[in-house]
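Student: Hey, can you walk me through this one? I'm new to it.
Tutor: Sure. Ask away.

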Amino acid sequence: MSTRDIVFVALFAALTAALGLFPPVTLPVIGVPITAQSMGPMLAGAIAGARRGAAALALFVVLVCAGLPLMAGGRGGLGIVMGPGGGFVLMWPVAAFVIGFLYERGLETLTAWKEALILVLGGVVLTYAVGIPWIAAVARVDLAKAAIGSAWFLPGDAVKVVLVVLVARAVRRAYPTLRPR
Amino acid sequence: MTPSIPGRSPLHRCPPGPKILALVAAGTALFALPRLDLALAVLGLTGWLYRLAGIPARLVLAQVRPLAWILAVLVLVQLALDGWQAGLLVAARLVALMLLAGLVTLTTRSSDLIEALQRGLAWLRPLGADPAKVGLAIALTLRFIPVLAAITAEVREAQRARGLERSLVALTVPVIVRMLKMSDDVAAAIDARSYDPDRAGD
């Protein structure tokens with residue numbers, strides 16, 4: 001990684017932390033908060049690309065595990081990862097990588113719809129695939145209940161995907177950072 | 001980020017590695033053994049540690065305040081579902097963890113914390129992550145958070161002047177573009193000082 005890559009990694013780790021300054025809303029029953037922070041992996045993947053995006057989110061998760069209060073609402077520590085939302089958090093680096101990879105692959109032919117599809121795949125489908133069983137295991141509820149509880153995230157996720165598509169397109173025009181794979 | 005409070009207590013003098021490990025152990029124990037007596041004991045112990053470190057009560061409250069209303073919701077939900085004991089357990093556990101994590105940051109200089117993390121992550125070397133680079137990235141991240149907040153405040157004011165204060169896109173795009181531009185400047189500045197990431201550990 002070049003110096004520029006390292007600085008970008010730090011930037012998107014910090015951006016994810018800063019997104020946590022918006023107050024979270026905790027969902028009852030499953031005990032996982034809705035936060036703006038899940039936009040972190042989407043923005044990191046879409047703007048910084050696969051490698052730097054994944055590294056940024058991995059760094060963020062390490063800092064949270066080390067006890068820095070960077071999660072929404074000033075939370076931090078290994079308790080986050082071991083709590084009900086841990087599956088989602090651990091998937092963030094993977095989500096950033098997949099989103100970044102698909103963005104770089106299709107960079108020449110990206111349309112708004114394609115971008116939204118990539119973001120839904122990486123930021124929602126993939127994350128939930130691990131996040132929901134994790135809730136079921138940690139909170140000791142059955143899988144169906146965890147899935148229904150998590151459905152409350154979907155409207156928020158839809159808003160986040162639209163916002164990230166708009167932002168990523170504008171940023172790409174103003175300050176291109178990705179190179180096609 | 002809460003800056004550290006200088007002091008000479010045993011907690012201040014303890015190296016950051018053991019403190020982080022103790023925090024991790026406490027967090028794991030509290031979640032693995034959901035018992036009210038254990039949570040209250042850890043909470044009591046944490047209070048004692050704060051006194052030992054000589055941290056004023058005002059700062060103790062500041063550690064928990066951002067959590068206050070999440071805590072209220074959580075406790076109410078637990079009260080409604082499982083009774084007062086479950087509610088008390090959730091609250092005691094969360095407050096104890098927040099206070100313990102806060103205590104580590106309050107009694108450790110961030111440069112020491114970064115150094116400890118850097119050493120603790122040496123095992124990542126075979127995976128292609130250089131601890132020196134990780135250390136640089138951590139230091140930059142901690143510095144970028146307040147910078148991001150400042151830039152966001154500036155852009156928000158500028159967009160308010162244009163009547164765009166309600167548009168999230170009009171806020172986010174300039175913030176990110178400015179941060180990307182700044183990142184390039186920071187990278188150029190680091191390179192100009194002959195920092196060689198491939199030889200930084202030497």
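Student: Where does B:Met179 lie?
Tutor: B:Met179 lies in helix H9 of chain B. Keep in mind that this is a predicted model.

Student: Is B:Met179 buried or exposed?
Tutor: B:Met179 is buried, because it has 25 C-beta neighbours inside 10 Å. The cut-off for buried is 20 or more.

Student: Which residues does B:Met179 touch?
Tutor: Leaving out residues up to four places away in sequence, B:Met179 touches A:Leu11, B:Leu148 and B:Ile151.

Student: And how far is B:Met179 from B:Thr152?
Tutor: Their C-alpha atoms are separated by 10.0 Å. Along the chain, B:Met179 and B:Thr152 are 27 residues apart.

Student: Stay with that helix. How do H8(A) and H9(B) pack?
Tutor: Helix H8 of chain A, residues 153-174, packs on helix H9 of chain B, residues 168-192, at an angle of about 40°. Their axes are 9 Å apart. H8(A) and H9(B) are therefore oblique to each other. The crossing is right-handed.

Student: Which residues make that contact?
Tutor: From H8(A), the contact uses A:Leu163, A:Leu166, A:Val167, A:Ala170, A:Val171 and A:Ala174. From H9(B), it uses B:Leu168, B:Val169, B:Thr172, B:Val173, B:Ile176 and B:Val177.

Student: What classes are those residues in the contact of H8(A) with H9(B)?
Tutor: There are 11 nonpolar residues, one polar and no charged ones.

Student: Does a record say anything about that part of chain A?
Tutor: An unreviewed UniProt entry lists "transmembrane region" for residues 6-32, 53-72, 78-104, 116-139 and 151-171 of chain A. In the model, residues 151-171 of chain A are 90% helix and 0% strand. The end C-alpha atoms of that span are 30 Å apart.

Student: Which residues of chain B get that label?
Tutor: For chain B, UniProt lists "transmembrane region" at residues 20-50, 62-81 and 87-106, again from an unreviewed entry. Take residues 87-106 of chain B: the span is 100% helix and 0% strand, with end C-alpha atoms 28 Å apart. Residues 20-50 of chain B are 90% helix and 0% strand, and there the end C-alpha atoms are 16 Å apart.

Student: New topic. What about B:Ala150?
Tutor: B:Ala150 sits in helix H8 of chain B, residues 131-161.

Student: Buried or exposed, that B:Ala150?
Tutor: B:Ala150 counts as exposed, because it has 10 C-beta neighbours inside 10 Å. The cut-off for exposed is 12 or fewer.

Student: How far apart are B:Ala150 and B:Ala57 in space?
Tutor: They are 28 Å apart, C-alpha to C-alpha. In sequence, B:Ala150 and B:Ala57 are 93 residues apart.

Student: How do H7(B) and H8(B) cross?
Tutor: Helix H7 of chain B, residues 110-120, and H8(B) cross at roughly 145°. Their axes come within 9 Å. That crossing of H7(B) and H8(B) is right-handed.

Student: Which residues meet there, between H7(B) and H8(B)?
Tutor: On the H7(B) side are B:Ser110, B:Ile114, B:Leu117 and B:Gln118. They meet B:Pro131, B:Val134, B:Gly135, B:Ile138, B:Ala139 and B:Leu142 of H8(B). By class, this contact of H7(B) with H8(B) has seven nonpolar, three polar and no charged residues.

Student: Over to chain A. How many helices and strands?
Tutor: Chain A has eight helices and two strands. Along the sequence the pattern reads α-β-β-α-α-α-α-α-α-α.

Student: How much of chain A is buried?
Tutor: Buried residues make up 61% of its 181 residues.

Student: Why is H2(A) largely enclosed?
Tutor: H2(A) spans residues 39-48, and 10 of its 10 residues are buried, so the rest of the structure largely encloses it. Among them are A:Met39, A:Pro41, A:Leu43 and A:Ile47.

Student: What comes just after H2(A)?
Tutor: A:Gly49, which takes a positive phi of about 90°.

Student: Last one. How do H1(A) and H3(A) pack?
Tutor: Helix H1 of chain A, residues 3-19, and helix H3 of chain A, residues 50-65, pack at about 55° with axes 8 Å apart. H1(A) and H3(A) are therefore oblique. Their crossing is right-handed. The contact includes A:Asp5, A:Phe8 and A:Phe12 of H1(A), and A:Arg52, A:Leu57 and A:Phe60 of H3(A). By class, the contact of H1(A) with H3(A) has 10 nonpolar, two polar and two charged residues.

Methods. Residues are numbered from 1 along each chain as its sequence is written. Chains are lettered from A and ligands numbered from 1 in the order in which they are written. This is a predicted model: local features need pLDDT of at least 70, side-chain atom pairs count only at pLDDT 80 or more; totals for chains, interfaces and linings use all residues. UniProt positions are given in the numbering used here, feature names are shortened, and annotations may be inferred rather than shown by experiment. Helices (H or I, at least four residues) and strands (E, at least two) are DSSP runs, numbered from the N terminus. Axes are lines fitted to C-alpha atoms, for helices over the stretch in contact, and angles run from 0 to 180 degrees between N-to-C directions. Angles under 35 degrees count as roughly parallel, over 145 as roughly antiparallel, 65 to 115 as roughly perpendicular and the rest as oblique. A crossing is left-handed if the near helix is turned anticlockwise from the far one by less than a right angle, and right-handed if clockwise. Two residues are in contact if their C-beta atoms, placed from the backbone, lie within 7 Å. Ala, Val, Leu, Ile, Met, Phe, Trp, Tyr, Cys and Pro count as nonpolar, Asp, Glu, Lys and Arg as charged, and the others, Gly among them, as polar.
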